[in-house]
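Take a look at the protein chain shown here. Keep the view open as you read.

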Amino acid sequence: MRAHWDAARLAGLVETHGGHARPGWRLRAWDRDDMAVLRGWVALFDAWSLFHPAHAEPAAPVDPTAVAEVVEAMPQLLSVLQLSAGTASREELLDLLDQRITELRDARCELPAPGLTMAPPAPLPELFDWALDRLAGVGALTLPQAPGGEIALTPLGSWAVWVKLEQICVAAQSPAGNIEQSAEDMLRGCVRLRPGEARAEYRAWIAARTVGTAVQELLDAACGDDALLRQLAFEALRVVGAPAEPGVREVSADLPLRPYALLWLAEQEGGDAEDAHALLTREESTWLWIDTAAALNDHGDTELLVRHIEAAHQPTIPALLDEVRAAGHPLTVQVLLALAAAHPDPALAKAVRRAAFQVHTGG
């Protein structure tokens, strides 16, 4: 039962909070998203060293550094298995593990401090068996039943290694070179990219991080005062897809992210983009209209900014200005002044400037 509980928790099927358990976010996606099963298993695969089958503990305490070295080296061994038709002998893999750990130590230039000696070597064969047991416990490997047999990747194990290799390749192909930047700087670097190029940059940036870290950084960037960054952050969250759902739900209660979050969640559930806007109140729609106008202004696209008036839900300009004045958006004055400066109709521009003055003076 403990092993099954650990598997469900690591795969995101259950969550624990203060001693209580509740369904995890991935369980909610289970019946409507076939890929949720595979994504859940990849999460379990990523956590193989935390999985606890009863037979997998080392017989005696070992140096934590040695355990960390084995955990760091195992992905290369799995890649070798993938490239060698999925099977290899224990002796071949153990030899590769020994070589890889030597390379890791050489790369760190490990030398004993003056007056100290290096710790004795860890029992590598025992740690290797521990790693194999845990990988078998999460369903990535099948172990030989008799001496001299072959260790093999399961179909799931082979698929997971392929996914990881693909992520590495995507991360290495960052078109704009923003892969090591913060979320905010990466989004700013994507402002002038074409949509396809921007999505490729988002994918590369996300692939270089854990999903949870990437989602939190993007949401933090969206919480600021920059409306353009807010829009780009949610475009990047669309690239993340379903794994971003818990984080997006968490920020869906309050402005300024509520309209974006509600539309994002509706899209994830298969809703039509036009129908999704019906989920917003009139006040939320107006707030989103102002925020989008602010993003267009930041982007310097005056033509789209003028056309944005036609996208408003209000039937007349006076009705639009009344609701914009009442919205309380912090960028209302800047948006109205930008609209007045860009619009070719002098009468409309004058009305918009008057509205900006009224908001500025509290009228």
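The paragraphs below go from the whole chain to single residues and their partners.

Start with the overall picture. This is a predicted model. The chain has 363 residues, and 41% of them count as buried. It holds 19 helices and five strands. How much area does the chain expose? The answer is about 19,500 Å², with 57% of that supplied by carbon and sulfur atoms. Now consider the contacts with a separation of 6 or more. Of these, 62% link residues that are 24 or more positions apart.

Next, turn to two buried residues. Glu 245 sits in helix H12, which covers residues 245-250. Its relative accessibility is 4%. Buried means under 20% relative accessible area, so Glu 245 counts as buried. What does Glu 245 touch, apart from its neighbours within four places in sequence? Its contacts are Arg 32, Trp 264 and Leu 265.

Ala 294 belongs to helix H15, residues 282-299. With a relative accessibility of 4%, Ala 294 is buried. Set aside residues up to four places away in sequence, and Ala 294 touches Ala 227, Leu 331 and Val 335. Another residue to find is Gln 334. Along the sequence, Ala 294 and Gln 334 are 40 residues apart. In space, their C-alpha atoms are 7.6 Å apart.

Now look at charges. Side chains of opposite charge can pair when their charged atoms come close. How many salt bridges does the structure hold? There are 18.

One of them joins Glu 184 and Arg 188, whose closest N and O atoms are 3.1 Å apart. Where do these two residues lie? Both are in helix H8, residues 183-189. They are four residues apart there, so about one helical turn separates them. Glu 184 has a relative accessibility of 36%, so it counts as partly exposed. Arg 188 is partly exposed as well, with a relative accessible area of 41%.

Salt bridges can also share partners. Arg 2, Asp 6 and Arg 9 are joined into one network in this way. Within it, Asp 6 pairs with Arg 9, and the closest N and O atoms are 3.3 Å apart. Both residues lie in helix H1, residues 2-10. Three residues separate Asp 6 from Arg 9 in sequence, about one turn of the helix. Is Asp 6 buried or exposed? Asp 6 is buried, with a relative accessible area of 2%. Its partner Arg 9 is partly exposed, at 34% relative accessibility.

A further salt bridge brings together the side chains of Arg 22 and Glu 15, at 3.3 Å from N to O. Arg 22 has a relative accessibility of 46% and is partly exposed.

Finish at the surface. Which residues form a negative patch there? They are Glu 91, Glu 92, Asp 95, Asp 98 and Glu 150. Helix H5, residues 90-108, gives the largest share of this patch, with four residues. Asp 98 is in helix H5. Why can Asp 98 belong to a patch? Patch residues need over 30% relative accessible area and no salt bridge. Asp 98 has a relative accessible area of 39%, so it passes the area cut-off. That value also makes Asp 98 partly exposed.

Notes:
Residues are numbered from 1 along each chain as its sequence is written. This is a predicted model: local features need pLDDT of at least 70, side-chain atom pairs count only at pLDDT 80 or more; totals for chains, interfaces and linings use all residues. Side-chain values use heavy atoms; hydrogens and water are left out. Patches are made of residues with over 30% relative accessible area and no salt bridge: like charges are joined within 9 Å, nonpolar side chains (Val, Leu, Ile, Met, Phe, Trp, Tyr) within 5 Å. Accessible areas come from the Shrake-Rupley method with a 1.4 Å probe; for residues, only the protein chains shown count as cover. A salt bridge is a side-chain nitrogen of Lys or Arg within 4 Å of a carboxyl oxygen of Asp or Glu. Lys and Arg count as positive and Asp and Glu as negative; His and the chain ends are not counted. The place of a charge is taken as NZ of Lys, CZ of Arg, CG of Asp or CD of Glu. Buried means under 20% relative accessible area, exposed over 50%, partly exposed in between (1.4 Å probe, protein chains only). Contact means heavy atoms within 4.5 Å.
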